[in-house]
Amino acid sequence: MNSNAPSVDFPVGRFFMGVYMVMAFSIVTAGALTYSFLFGDFQGWRANLLLLVWVFASGLSMWAVRQGQSRGWLSWNGNVWHELPINASSFSPENVLDCGVTVHLDMQRHMLVSLYNPNGFRKWFWVSRKSFPERWHGFRCAVYSRSE
């Protein structure tokens with residue numbers, strides 16, 4: 001292991017834009033439904049079924065985004081990234097996958113990063129310096145370092 005960045009753990013939470021994107025999609029879809037009800041051919045049981053499906057899909061989407069990520073730690077051990085739970089009692093080393101990180105937006109005090117594993121699953125995190133100012137520099141060094 002030959003890396004310039006030391007090991008670092010940084011607290012992360014949910015990606016706040018995920019819920020907003022689902023809400024925006026739901027609102028746009030509601031607008032399309034309203035338009036189709038007023039000017040379209042949807043009446044009777046078809047309109048009721050379409051409305052029921054929209055309510056169910058919107059609720060399920062918001063629940064899935066909300067439950068998809070919990071608070072935890074992004075952990076860099078000098079070679080690979082891991083996402084660790086916030087409470088050590090639920091931590092099991094067998095369930096932790098080696099991951100890589102990608103920086104999508106860097107605004108010096110805030111970063112939008114994604115953690116991806118070999119299975120192709122990707123989680124998004126909005127990371128802020130305010131979460132842990134003492135470790136911010138180490139976190140930024142780790143995000144931009146390359147392991148050999």
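This report describes a three-stranded sheet, the helix across it and the largest nonpolar core in a predicted model.

## Sheet

Strands β4, β5 and β6 form an open sheet in that order, with antiparallel pairing. β4 and β6 are the edge strands; each has a single partner, so one side of each is left without a neighbour in the sheet. From one strand to the next the twist averages 25°.

Strand β4 covers residues 100–106 and strand β5 residues 110–116, and six bridges join the two. Within this pair, L105 has L112 of β5 as its bridge partner. The two strands make a hairpin with three residues between them, and Q108 in the turn has a positive phi of about 70°.

On the other pairing, β5 and β6 are antiparallel over seven bridges. Here H110 stands opposite S128 in β6.

## Helix across the sheet

Helix α3 lies across β4, β5 and β6 and runs at about 45° to β5.

## Nonpolar core

The largest nonpolar core has 17 residues, of which L74, W81, V113, L115, F125, V127 and F139 touch the most other members. Two or more residues come from each of β1 (8–12), β2 (72–76), β5, β6 (122–128) and α3 (136–144). The largest contribution is that of α3, with four residues.

Leaving aside residues up to four places away in sequence, W81 touches L74, S75 and W76, the run L97, D98, C99, G100 and V101, and also L115, F139, A142 and V143. Among these contacts, L74, L115 and F139 are, like W81, core residues that touch the most other members.

Definitions and conventions. Residues are numbered from 1 along each chain as its sequence is written. This is a predicted model: local features need pLDDT of at least 70, side-chain atom pairs count only at pLDDT 80 or more; totals for chains, interfaces and linings use all residues. Side-chain values use heavy atoms; hydrogens and water are left out. Two strands pair if DSSP finds at least two bridges between them. A nonpolar core is a set of buried Ala, Val, Leu, Ile, Met, Phe, Trp, Tyr and Cys residues joined through side-chain atoms within 4.5 Å. Buried means under 20% relative accessible area, exposed over 50%, partly exposed in between (1.4 Å probe, protein chains only). Contact means heavy atoms within 4.5 Å. Axes are lines fitted to C-alpha atoms, for helices over the stretch in contact, and angles run from 0 to 180 degrees between N-to-C directions.
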